[in-house]
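Trainee: I have a chain to go through before I use it. Could we take it by question and answer?

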Amino acid sequence: DGSVLTGSADKVIRRWRDGQMVQRYEGHTDCVRALVEIPGGGFASAGNDSSVRVWSLDGTCEAEMYGHTSFVYSLSALPDGGLVSGGEDRSMRVWRGGEMVQAIMVPATSVWAVAVLENGDVACGTSDGVVRVFSADPARVASAENSTVFEAANASFAMSKKTMGNIDTSKLPGPERLEHPGNKDQQVIMVKTGGSSVEAYQWDQGRWNKVGEVVDAIGQTQKQLFDGKEYDYVFDVDIQEGMPPLKLPFNVTENPYMAAQKFLERNQLSLDQLDTVANFIIKNTDGVQLGGEPAFGDPFTGSSRYVPGGGQSAATQTSAGYADPFTGGNRYVPGGQAAVAAQGYAPPSEFVINRQGNVAGIMKKLGELNAEVGADLALNEMQIQGIQAAAAAAAGSAPGGTSALEFDSLLRAATQWPEDKRFPALDLIRLIVGSSSPDLALALLQWFGQQQTGFIDTIGEATGFFRLLGSSVGSPRLQGGLSKSDEINLMMCARAYANSFSTAPGADLLYQSRRRILDALDNSWITVSNKNLVSALAIVYLNYAVMVAQRGSDNDGLKVLSAAARFLECTDNADAQVRLLGVFGVLAKKFQLCRDSARVLGDERVVVLGIQGATDAVRRAAKELGSFLST
């Protein structure tokens with residue numbers, strides 16, 4: 001029906017249509033990791049609570065199935081309505097009619113992804129970097145040689161007693177148990193094979209298959225207790241000076257990243273610390289890894305993914321180890337939040353300049369609208385080519401230099417075209433004024449300086465910035481009259497103002513006009529619905545905060561801070577929240593008056609965002625700010 005399903009760490013599944021939530025599905029007791037549509041209607045879900053659940057769209061949970069012994073990462077639907085799941089317990093499981101009908105063990109720590117292929121075969125991607133395909137069609141079964149290699153790898157894979165429940169090895173049967181059939185298909189038993197050796201077997205297709213060697217921990221001879229359970233290691237982890245250390249339990253047959261995640265979640269710490277905790281475990285357990293897996297990065301969020309601005313792949317920056325496919329890999333700066341507090345809080349110190357833009361797309365739209373505005377307003381081919389040259393120079397894809405003619409043509413489109421057709425020209429002005437080529441940005445500002453109204457007023461009038469955002473009784477904003485094109489133009493104006501901070505003359509203009517602009521911005525966010533506009537407004541506030549910290553007074557800072565506090569209280573836009581928390585940090589770090597005021601104006605909101613913020617970035621920024629303000 002065109003709706004969208006989402007699952008998240010708050011344990012709730014939501015269904016959305018046309019941007020509105022229309023249904024909640026509650027039942028999972030931990031993070032929801034996987035969703036899949038079921039042919040014929042409804043959907044299935046799985047997650048960290050080890051369950052697989054089937055739902056009808058009206059919210060009824062029709063089946064709750066257990067079999068996995070750890071996190072379930074992935075689901076795929078079979079053509080007959082059955083399901084296939086994969087998880088952290090090194091298994092892929094098949095479900096039909098609310099029951100598990102098959103469990104396929106693989107020689108890897110985790111099954112990260114499963115997919116049903118067009119021919120009915122099932123593929124799984126695992127943490128050892130291998131994709132394995134399983135088939136019910138005898139014609140496609142692997143050769144005897146490959147099957148033997150697979151079975152041998154499974155048989156030699158080390159399993160921990162801890163992952164298989166409480167086991168009294170003295171009561172385990174001997175090898176003679178294997179002479180008797182299993183009680184049911186997929187039954188797993190443990191057999192003592194001599195001395196202290198224990199092996200795991202699975203009953204499958206009328207025979208017992210060895211699926212692993214059950215081992216005690218390797219590393220420490222003396223077990224340690226934590227919460228009533230034995231562990232190979234229980235580390236003391238200092239998180240904050242003056243506070244008692246936290247306990248980090250670990251068994252060497254565990255995935256270090258899973259142990260790290262459990263530790264962070266148990267202590268309500270940011271998952272951004274995942275890599276540091278996991279690498280701490282690996283280093284302090286001598287890097288013991290049973291099963292001989294090399295390190296492979298998860299292709300979506302793990303150690304080999306692209307990191308914008310990074311000079312080398314993340315894979316070359318971490319120790320060997322496993323990565324949780326949803327939270328792994330190279331995101332945490334060693335030392336954590338306590339280290340940030342200890343070394344000195346570092347709020348943003350540079351202006352946020354948005355130089356990203358699809359010049360080809362902007363020019364294409366400009367050309368389309370040029371054909372619609374009428375002959376008296378349309379630009380000729382030479383003028384279009386001039387604007388193209390200026391845009392290419394702004395994007396750095398062509399050498400410098402523009403002429404007054406090009407700026408004249410651009411301004412004509414930005415100020416004289418119908419209001420709903422101005423945005424491409426305004427976007428190009430935003431790119432030019434924030435260009436990484438200072439000469440180009442300065443040329444534009446100097447050209448505007450020669451015009452009757454100047455840069456601030458010309459762009460403000462073209463977009464309705466002061467007229468639409470004003471706080472007068474007749475303001476269209478206060479009357480709920482902002483149209484879609486109004487909000488787009490206002491966003492372009494806010495971005496152009498923010499980008500003007502990229503040069504000293506531009507920053508001077510914005511600083512001289514700060515009271516007019518800040519007065520227009522005040523409370524503007526209340527009735528604005530365009531999320532990109534909300535983000536743009538927050539960036540203007542952040543850039544003003546940086547500017548005030550450089551050359552303003554504590555009274556200037558308090559004006560920006562007071563407005564930012566009201567903005568932060570009202571918005572649920574995560575990007576805007578991060579920027580506004582930055583405003584608090586910049587001004588509180590610079591001015592004692594602002595620091596004292598920040599504790600009053602934002603204390604409750606900062607604490608809430610530190611705990612319940614919608615993204616890791618929001619929670620991290622709020623916690624770091626909160627730690628700074630509390631000292």
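Trainee: Over residues 160–166, how many contacts beyond four places in sequence does the model have?

Mentor: Keep in mind that this is a predicted model. In this stretch the pLDDT stays under 50. Where pLDDT is low, the predicted coordinates should not be read in detail. With that caution, the count for residues 160–166 is 19 contacts.

Trainee: Over which other residues is the pLDDT below 50, with 11 contacts beyond near neighbours in sequence?

Mentor: The chain as a whole averages a pLDDT of 78, and 78% of its residues score at least 70. A stretch with pLDDT below 50 and 11 such contacts is residues 216–221.

Trainee: What share of the residues counts as buried?

Mentor: The cut-off for buried is under 20% relative accessible area. The chain has 631 residues. By that cut-off, the buried share is 49%.

Trainee: Which helix gives the most to the largest nonpolar core?

Mentor: That core holds 101 residues. Phe455, Phe465, Tyr497, Leu521, Tyr541 and Leu587 touch the most other members. The chain has 20 helices and 22 strands. The one that gives the most to the core, with 15 residues from the run 531–551, is helix 15.

Trainee: Leaving aside neighbours within four places in sequence, which residues are in contact with tyrosine 497?

Mentor: Tyr497 is one of the core residues that touch the most other members. Its contacts, with those neighbours left aside, are Phe455, Ile456, Ile459, Gly460, Phe465, Phe466, Leu510 and Ile517.

How values were computed
Residues numbered from 1 in each chain as written. Predicted model: local features only at pLDDT ≥ 70, side-chain atom pairs only at ≥ 80, totals over all residues. Heavy atoms only, no water. pLDDT = per-residue confidence, 0-100. Contact = heavy atoms within 4.5 Å. Core = buried A, V, L, I, M, F, W, Y, C linked by side-chain atoms within 4.5 Å. Buried < 20%, exposed > 50% of the residue type's maximum accessible area, 1.4 Å probe, protein only. Helix = DSSP H or I, 4+ residues; strand = E, 2+ residues; numbered from the N terminus.
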